[in-house]
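Hi there,

Here is the structure I promised to pass on. My notes on it follow below, so have a look at the model first and then read on.

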Amino acid sequence: MAKKAHVSETPATQLLRANKIAFTEHPYEYLEHGGAQHSAATLGLDPFTVVKTLVMQDQDAKPLLVLMHGNRTVSTKNLARQIGAKSVEPCKPDVANRHSGYLVGGTSPFGTRRSMPVYIESSILELPRIAINGGRRGYLVGIDPQVCITLLGAKPGQCALAE
């Protein structure tokens with residue numbers, strides 16, 4: 001019988017446990033620039049149910065998080081319009097790392113270093129379960145998507161573009 005890989009605690013899993021949120025662990029072999037498509041393929045998941053956490057900033061360099069389907073991209077124009085910003089753009093990796101406290105590729109919306117507004121693609125909330133980064137490269141956690149609303153105060157919107 002294969003031994004299950006143990007994954008050490010991250011700020012994300014500590015926050016989930018502290019709030020008594022049930023989650024499943026899904027470690028996988030991380031691939032640089034593989035993204036959500038790679039993790040979905042490796043774990044045998046639908047990329048639509050794998051949610052990526054994107055660190056972005058508005059025109060005033062105020063950071064924000066966007067939760068998006070693994071096989072979709074963000075329309076920054078639509079997002080900016082919906083949140084009342086002039087513009088929104090992805091943060092450079094080193095800036096994203098500073099804001100979140102996580103390395104790009106291992107960014108979780110849970111347990112971030114800095115509190116940031118969170119926006120979630122509304123169709124994610126219709127899924128029964130999602131896989132989202134658990135705070136380390138090569139590590140996803142399976143949760144009920146409603147946790148993003150209850151724990152993070154995520155605001156739903158529509159800004160997805162098919163990849």
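Let me start with a residue in a loop. Alanine 61 has a relative accessible area of 43%, so it counts as partly exposed, falling between the 20% and 50% cut-offs. Please keep in mind that this is a predicted model. Alanine 61 sits in the loop that connects β2 and β3, and its phi is near 65°, a positive value in a residue that is not glycine. For context, most residues other than glycine have a negative phi.

Lysine 20 also has a positive phi, near 55°, and is likewise not a glycine. This lysine belongs to the loop between α1 and β1 (24-27). Is lysine 20 buried or exposed? Its relative accessibility is 74%, so lysine 20 counts as exposed.

Now for the interior. The largest nonpolar core has 28 residues, and those touching the most other members are Leu67, Phe110, Ile130, Ile132, Ile143 and Cys148. Two or more residues each come from the helices and strands α1 (11-18), β2 (50-58), β3 (63-69), α4 (93-100), β6 (118-121), β7 (130-136), β8 (139-143) and α5 (147-152). There is also a second, separate core of 11 residues, with Val74, Ala80, Val88 and Cys159 among them. As a general point, nonpolar side chains in soluble globular proteins tend to be buried together.

Cysteine 148 is worth a closer look. Setting aside neighbours within four places in sequence, cysteine 148 is in contact with Leu67, Phe110, Ile120, Ile130, Ile143, Gly153 and Ala154. Leu67, Phe110, Ile130 and Ile143 also appear beside Cys148 in the list of core residues that touch the most other members.

Histidine 99 may interest you too. This residue is part of helix α4, and its relative accessibility is 9%, so histidine 99 counts as buried, the cut-off being under 20%. Which side chain does histidine 99 join through a polar contact? The partner is arginine 114, at 2.8 Å. Beyond its neighbours within four places in sequence, histidine 99 is in contact with Val55, Pro63, Cys91, Arg113, Arg114 and Met116.

On to pockets, which I expect you will want to see. The largest pocket holds about 770 Å³ of space. Its lining is made of 31 residues, and Gly35, Thr53, Leu54, Val104 and Gly105 are the closest to the centre. The elements that supply two or more lining residues are α2 (35-43), β2 and α4, and β2 gives the largest share, with 7 residues. By type, the lining divides into 15 nonpolar, 12 polar and 4 charged residues.

Gly105 comes up again in a pair of residues separated in sequence. Leucine 31 and glycine 105 are 74 residues apart along the chain, and their C-alpha atoms are 9.1 Å apart in space. Leucine 31 is in the loop between β1 and α2, and its relative accessible area is 44%, so it counts as partly exposed.

One further pair is serine 8 and glycine 142, which are 134 residues apart in sequence and 16 Å apart in space, C-alpha to C-alpha. Serine 8 is found in the segment before α1. With 38% relative accessibility, serine 8 counts as partly exposed.

That is everything from my side. Happy to talk it through whenever suits you.

Best wishes

Key:
Residues are numbered from 1 along each chain as its sequence is written. This is a predicted model: local features need pLDDT of at least 70, side-chain atom pairs count only at pLDDT 80 or more; totals for chains, interfaces and linings use all residues. Side-chain values use heavy atoms; hydrogens and water are left out. A nonpolar core is a set of buried Ala, Val, Leu, Ile, Met, Phe, Trp, Tyr and Cys residues joined through side-chain atoms within 4.5 Å. Buried means under 20% relative accessible area, exposed over 50%, partly exposed in between (1.4 Å probe, protein chains only). Helices (H or I, at least four residues) and strands (E, at least two) are DSSP runs, numbered from the N terminus. Contact means heavy atoms within 4.5 Å. A polar contact is a pair of N or O atoms within 3.5 Å; within protein, one must be able to donate a hydrogen and the other to accept it, and residues adjacent in sequence count only if both atoms are side-chain atoms. On a 1 Å grid over the protein atoms alone, a cavity is a set of points where a 1.4 Å probe fits but cannot get out, and a pocket is an open set with protein on both sides within 12 Å along at least five of seven lines; lining residues have an atom within 4 Å of a point. Grid points are joined across faces, edges and corners, and a volume is the space filled by probe spheres set on the points. Ala, Val, Leu, Ile, Met, Phe, Trp, Tyr, Cys and Pro count as nonpolar, Asp, Glu, Lys and Arg as charged, and the others, Gly among them, as polar.
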